[in-house]
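Visitor: I have a structure to look at. Could you take me through it, one question at a time?

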Amino acid sequence: MEKSYIEQRTERTEWFLEDRFGMFIHWGLYAIPARGEWVRSDEQISVEDYQVYFDEFNPQRYDPRAWAKAAKAAGMKYAVLTAKHHDGFCLFDSKLTDYKATNTKAGRDLVSEFLEAFREEGLKVGIYYSIIDWHHPDYPAYGDQYHPMRNNEAYKRDPSRFDVYLDYMHGQVRELLTNYGKLDIMWFDFSYGDMIREKWRAAELMEMIRSIQPHIIVDNRLEASGEGGGSIYTKNPSFYAGDFASPEQIIPPTGVTDEDGVSIPWEACITLNNNWGYGATDFRYKTAKTVIRRLVECVSKNGNLLLNVGPDAQGEIPDESLKILEEVGQWIRRNGDSIYGSGQADFPKPEWGRYTQKGNKLYAHIFEEPVGPINLAGLAGRIKKARMLADGSEVFVSRPWNTVMFPDNAFFNFARPEQLTYPLADER
Ligand code: FHN
């Protein structure tokens with residue numbers, strides 16, 4: 001008997017729930033104006049004025065192997081690159097358009113090189129593909145907030161031309177699934193207003209995806225935007241509901257569950273600063289500590305973190321981003337057991353931090369420095385022994401009160417969550 005959609009989704013996302021941590025990469029022509037990836041819409045730049053960036057694009061220091069090494073060193077297990085963002089510029093050698101990197105001075109298939117480099121480092125690979133397209137003449141104009149081409153005369157004359165755009169969009173997805181080897185993630189972006197589901201011919205699109213790469217996991221944005229939504233949150237997801245929810249710039253307070261409260265795969269996508277695409281003057285970077293705490297919080301709620309970098313017009317990830325990634329990697333190298341393959345604990349969140357759990361091993365992430373012993377209320381009698389995850393050193397557990405007195409070294413560096421492993425008493 002055919003497996004249900006939810007059974008298939010569970011099988012497809014097994015590696016995703018193990019890997020937990022990925023790199024999002026927003027890169028394209030918008031790296032030249034360096035004011036974020038919405039610059040064309042925000043500043044109402046015409047097709048003609050935006051063309052200057054196409055004519056100039058030549059990222060001479062693009063080295064995807066360096067990107068892949070930085071992601072791996074940060075403890076990331078997969079990466080998703082924008083093959084086409086809303087401006088319609090294709091980083092891959094599509095046969096369906098001339099608006100592509102291989103026709104710029106770069107003269108390279110940037111997606112192909114990305115996939116090869118990240119696979120070589122052992123990371124899984126995903127493609128972000130914008131279903132919105134401000135460049136295609138048959139993409140509709142829906143007011144100012146989404147499209148600088150709001151005066152798209154062709155579309156106003158004949159709305160049926162949108163099918164011409166959909167043929168193009170489906171055709172490019174087919175190219176990506178057919179010409180670039182095994183992909184692990186297809187990350188569509190995004191539905192809005194009445195532009196959802198069959199407005200994209202979503203069933204036909206998903207049929208094609210499943211027929212070419214049946215293992216691939218797909219996000220939920222053929223039905224939703226970054227604010228959430230779609231049938232993935234129900235017990236009867238549609239055929240194109242996707243395999244994971246994709247909350248954006250937020251970590252849902254109680255994770256993501258279906259209508260019965262059953263956890264579903266989800267991934268929070270979050271920027272390191274205030275832009276997805278490169279922002280030359282955007283120095284409001286998060287700290288490594290904040291990133292670690294966001295990652296711990298996602299995992300403590302059965303979720304993943306997709307952390308974004310925005311390479312510049314020369315093809316380099318900004319130093320500020322690399323520095324944070326390196327520090328996160330130092331932490332995860334010693335504490336990764338509490339992240340990879342871990343998830344929500346069987347116990348409520350403690351007041352001093354968060355728990356993650358893997359099998360019968362409980363990980364206590366200490367965020368706030370306690371005064372005196374840490375009270376493990378609710379764990380009475382359940383703790384077999386406690387060790388500092390980072391160095392394996394013993395931690396004293398006082399049985400009667402079930403409290404834990406941390407060694408001095410546990411506190412010396414409260415800038416970051418310290419890790420404890422509590423093999424539970426019933427550990428085999
Ligand atoms: O409009 C895009 C935005 O530029 C960025 O790509 C994010 C990343 O998830 N998605 C859309 C906003 O929800």
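**Around the ligand**

Guide: Start with the ligand. It has 14 residues around it, and those that come nearest are His26, Glu37, Trp38, His86 and Asp189. Keep in mind that this is a predicted model.

Visitor: How far is an oxygen atom of the ligand from an N or O atom in the side chain of Tyr128?

Guide: A polar contact needs N or O atoms within 3.5 Å. His26 offers a side-chain N or O atom at 2.7 Å from a ligand oxygen. His86 does so at 2.7 Å. For Tyr128, the distance is 3.3 Å.

Visitor: How much of the area that the ligand exposes alone does the protein bury?

Guide: Take the ligand by itself, and it exposes 330 Å². Now put the protein back. The share buried is 92%.

Visitor: How many charged residues are in the shell around the ligand?

Guide: Sort the shell by class. Nonpolar residues number 7, and polar ones 3. The charged residues number 4.

**A cavity**

Visitor: Which residues lie nearest the centre of the largest cavity?

Guide: The structure holds 1 cavity of 30 Å³ or more. The largest cavity has about 70 Å³ of space. Its lining counts 13 residues, by class 6 nonpolar, 7 polar and no charged. Nearest the centre are Asn273, Asn275, Tyr285, Val309 and Gly310.

**A salt bridge**

Visitor: How many residues apart are Asp163 and Arg201?

Guide: Side chains of opposite charge can pair when their charged atoms come close. The whole structure has 27 salt bridges, and Asp163 with Arg201 forms a salt bridge at 2.8 Å, N to O. Asp163 sits in helix α8 (residues 162-179), while Arg201 sits in the loop between β4 (185-189) and α9 (202-212). This pair links distant parts of the chain, and the separation is 38 residues.

**Two backbone details**

Visitor: Is the peptide bond from Asp189 to Phe190 cis or trans?

Guide: Most peptide bonds are trans. Phe190 lies in the loop between β4 and α9. The bond from Asp189 has omega near -15 degrees, and that bond is cis.

Visitor: Is the phi of Ala34 positive or negative?

Guide: Most residues other than glycine have a negative phi. Ala34 is not a glycine, and its place is the loop between β1 (21-25) and α3 (39-42). Yet its phi is about 60 degrees, which is positive.

Conventions: Residues numbered from 1 in each chain as written. Predicted model: local features only at pLDDT ≥ 70, side-chain atom pairs only at ≥ 80, totals over all residues. Heavy atoms only, no water. Near = heavy atom within 4 Å. Polar contact = N/O pair within 3.5 Å; in protein donor to acceptor, adjacent residues only side chain to side chain. Areas by Shrake-Rupley, 256 points an atom, 1.4 Å probe, with all protein chains shown as cover. Nonpolar A, V, L, I, M, F, W, Y, C, P; charged D, E, K, R; others polar. 1 Å grid on protein atoms, 1.4 Å probe; cavity = no way out; pocket = protein on both sides within 12 Å on 5 of 7 lines; lining within 4 Å. Points joined across faces, edges and corners; volume = space filled by probe spheres on them. Salt bridge = Lys/Arg side-chain N within 4 Å of Asp/Glu carboxyl O. Helix = DSSP H or I, 4+ residues; strand = E, 2+ residues; numbered from the N terminus.
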